[in-house]
Amino acid sequence: MATSHIQIDVPPERVWAVLATPATYADWVVGSDVIRGQDPNWPEPGSRFYHRVGWGPFKVKDHTEVVEADPPRKLVIHARARPAGTALGTFLLEPRNGGTYMTMIEEGGDPLSRLSINALTDPLVKKRNDVTLKRLKRIAETGIVIPDKT
């Protein structure tokens, strides 16, 4: 299980607004390429958005589904990029110091994926998620999407 944290200088409701807008995921989730559509009731449990993920010529179309939603405090999603695997992502938002202390937890979303997201790979997943949270922070605080995904 890879866990990342960040302090975001806006209230949880503003951070939640980014999480509740699937079109932004391609701008802040490392490895996300294109958001192809969404269910109209996103982010209600069971709703999905449809994406393409990957790098270079290795891109797959799949979807992400909401497992649990407690606005503006918690979102749990099951992201799929099969055949590469699936991931269970948990976003926890806590009001702190006039802003939001956010925790992101990622673990394998199925038995086979748990073999690839494990104690050996957690440092790499954490590093990727640290960048993901920095991008989300930039969007939540400024409302601006910067094409350079660094």
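A helix here is a DSSP run of H or I that covers at least four residues, with numbering from the N terminus. Keep that in mind as you work through this predicted model.

**Exercise 1.** Place Tyr-25 in the fold and decide whether Tyr-25 is buried or exposed.

*Solution.* Start with the secondary structure: Tyr-25 sits in helix α2. Next, take the accessibility. Buried means under 20% relative accessible area. Tyr-25 has 3% relative accessibility, so Tyr-25 counts as buried. Now look at the surroundings. Setting aside residues up to four places away in sequence, Tyr-25 touches Val-18, Leu-19, Ser-32, Ile-35, Trp-42, Phe-49, Leu-75 and Ile-77. Take Ile-35 from that list: 10 residues along the chain from Tyr-25, with 7.3 Å between the two C-alpha atoms.

**Exercise 2.** Find the residues with the most contacts inside the largest nonpolar core, and the elements that supply at least two of its residues.

*Solution.* The core has 23 residues, and Leu-19, Tyr-25, Trp-28, Phe-91 and Met-102 have the most contacts inside it. At least two residues each come from β1, α1, α2, β5, β6, β7 and α4. Then zoom in on Phe-91: beyond its neighbours within four places in sequence, its contacts include Leu-19, Trp-28 and Met-102.

**Exercise 3.** Describe the largest pocket by volume, lining and chemistry.

*Solution.* First, the volume is about 810 Å³. Second, 35 residues line the pocket, and Trp-55, Ala-81, Ala-87, Glu-106 and Arg-128 lie nearest its centre. Third, ask which element gives the most to the lining: β6 does, with six residues. Finally, sort the lining residues: 20 are nonpolar, 11 polar and four charged.

Technical notes: Residues numbered from 1 in each chain as written. Predicted model: local features only at pLDDT ≥ 70, side-chain atom pairs only at ≥ 80, totals over all residues. Heavy atoms only, no water. 1 Å grid on protein atoms, 1.4 Å probe; cavity = no way out; pocket = protein on both sides within 12 Å on 5 of 7 lines; lining within 4 Å. Points joined across faces, edges and corners; volume = space filled by probe spheres on them. Nonpolar A, V, L, I, M, F, W, Y, C, P; charged D, E, K, R; others polar. Core = buried A, V, L, I, M, F, W, Y, C linked by side-chain atoms within 4.5 Å. Buried < 20%, exposed > 50% of the residue type's maximum accessible area, 1.4 Å probe, protein only. Contact = heavy atoms within 4.5 Å.
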